[in-house]
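This report introduces a single protein chain to a reader who has not met it before. The sequence and structure are shown first, and selected features follow.

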Amino acid sequence: ELSSWNAVSYTSVTVTAAHGFYLPGSTMTTISRSSAQASGATFAALYLAGASSNTFTVLLASNPAGFGIELVSGSDNNTISLSTMMVDGSITRHALYILGSASNTVTGSYLYSPTGYTAYLDTNANFNTIAYSTIANATAAAAQPALRLVNAVGNMVDRSLIVNPLANALGAFFSSYNAFTQSSILGGTARSGFVLNTGSSSNTVTACLITGTVSALNLVGANYNTISQSTILGTDKGLLATSNSTGNVLTGNFITAQTSYGAEFSGVSNLNTISLSTITSNAAALPALFISGSSSNTIFGAYVQASTAVFITNSTGTSINSSLLVAVSVTGDGLFLTGGSGNLTLASSTARGGSVGRGLALDIGNTGVVSIGSVTVTGAAHGLEISTQGVLFSLVVDSISFGGLAPGATAVHFTGGTFVAT
């Protein structure tokens, strides 16, 4: 047990059923070039309770059964640098655990657990910083990411590697105003890289590399988050926004997938925006951008490419502006609207269909107003194909140009219904 204003260096502590270094209410204590090994499920190699403004440098904190470093009960303004935190792990034991403690800094450190959460920022762990560090995990449980935030606000993860080769790398629940910058967030087999879960809002992700198998970036009931200047690489899906994820903004990103959609908005995910971004998919018969059962999503200044570029179903109010939609399959469409969708706006954009596909395809039963203005259609066998539409459907065309269509192409093709010009 260490009180305030102590200095410890070149010291090794090994204990059983106790904390290694214990700082209850201590301030201005320094531990450097030392190691602590504890053994016990309820103990930590380094335990701070109400301890503030302490410094730990080149510290090895290990525990085969419990916590590596634990900060609780208002342990604020502490600094941990150039240190290693390792535990054998369980779902309730972590290499780093912060609860009800704020403004702590972890920098240049290595954190590892083979299972459970390697680093856990729990309720009221606010305004903490993890920088230039590696947080690694090897559990196959999706609910046990390498880094987990729950009810945590205003934290920053900067220039760090967060990796789990078997499951999710990073998960946030009910956590807001956190920032993730210039970091690699690498998820594993059949899991996601970064999951922003229910109640996680107003977080920012900037200049990060995010990878995952099921999806690289998964928004599940997450609102008003901003993801920018990032690379989002999914084996199955790049971006998946579902379960009422609303008002999220993605700008300046590269989003791609190998076997499914590059980006998907579904499950009443409304009012989201993707701008100044590239969205692609290498899937043989799936679109780059898939919008289902969602409203008022906006695509601006985007390059969208896949077998079919954009597929919209059962959705209203989608707006696509200043974008290039490219179908790379010979049977692909630049944009396909179906499932009773309506109130689509397509403006100042180019749609390129496959040589036996369609530039713009309005499938049967859509409703509301489809507005097309300053649009160019190229490459397709049918430039604009219109099937029998639903009640109260109207097509408003300001200007549409057809150029470089496939040999023998039809610019406007009606497959059914009655055309009424007004």
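## Aromatic pairs

In this predicted model, the count of aromatic pairs comes to 8. A pair of aromatic rings is described by the distance of the centres and the angle of the planes. For Phe 290 and Phe 311, the ring centres lie 5.7 Å apart and the planes meet at 40 degrees, so this pair is tilted. The two residues belong to distant parts of the chain, 21 residues apart: Phe 290 is in strand β34 (residues 289–292) and Phe 311 is in strand β37. Phe 290 has a relative accessibility of 13% and therefore counts as buried, the cut-off being under 20%. Phe 311, by contrast, has a relative accessible area of 24% and is partly exposed.

Phe 311 also forms an aromatic pair with Phe 336. That pair is tilted as well, with 5.0 Å from centre to centre and 40 degrees between the planes. Here too distant parts of the chain are linked, since Phe 311 in strand β37 and Phe 336 in strand β40 (residues 333–338) are 25 residues apart. Phe 336 counts as buried, because its relative accessibility is 12%. Elsewhere, ring pairs link Phe 67, Tyr 97, Tyr 117 and Tyr 120 into a cluster.

## Surroundings of Thr 313

Strand β37 covers residues 310–313 and includes Thr 313. With a relative accessible area of 15%, Thr 313 is buried. Leaving aside residues up to four places away in sequence, Thr 313 touches Phe 290, Ile 291, Ser 292 and Gly 293. Its contacts also include Thr 338, Gly 339 and Ser 341. Phe 290, one of these contacts, is the residue of strand β34 whose ring pairs with that of Phe 311.

## Strand β16 and its partners

In a regular strand the side chains alternate between the two faces of the sheet. Strand β16 (residues 147–150) has both of its faces covered. Leu 147 and Leu 149 lie on one side, Arg 148 and Val 150 lie on the other, and all four are buried.

Strand β16 pairs with strand β13 (residues 119–121) in the parallel sense, over 3 bridges. Within that pairing, Leu 149 of β16 is the bridge partner of Leu 121. Strand β16 also pairs with strand β19 (residues 170–173), again in the parallel sense, over 4 bridges. In this case Leu 170 of β19 is the bridge partner of Leu 147.

## A nonpolar surface patch

Leu 60, Met 86 and Tyr 110 make a nonpolar patch of about 240 Å² on the surface. Tyr 110 is located in strand β12 (residues 110–113). Its relative accessibility is 34%, so Tyr 110 counts as partly exposed.

## The chain as a whole

The chain contains 49 strands and 0 helices. Along its principal axes, the C-alpha trace spans about 85 × 30 × 25 Å. Of the 422 residues in the chain, 53% are buried.

Among contacts in the chain with a separation of 6 or more, 61% are between residues 24 or more positions apart. The chain exposes about 14900 Å², and carbon and sulfur atoms supply 56% of this area.

How values were computed: Residues numbered from 1 in each chain as written. Predicted model: local features only at pLDDT ≥ 70, side-chain atom pairs only at ≥ 80, totals over all residues. Heavy atoms only, no water. Buried < 20%, exposed > 50% of the residue type's maximum accessible area, 1.4 Å probe, protein only. Contact = heavy atoms within 4.5 Å. Pairing = 2+ DSSP bridges. Phe/Tyr/Trp six-rings, centres within 6.5 Å; stacked < 30°, edge-to-face > 60°. Patch = residues over 30% accessible without salt bridge, like charges linked within 9 Å, V, L, I, M, F, W, Y side chains within 5 Å. Areas by Shrake-Rupley, 256 points an atom, 1.4 Å probe, with all protein chains shown as cover. Salt bridge = Lys/Arg side-chain N within 4 Å of Asp/Glu carboxyl O.
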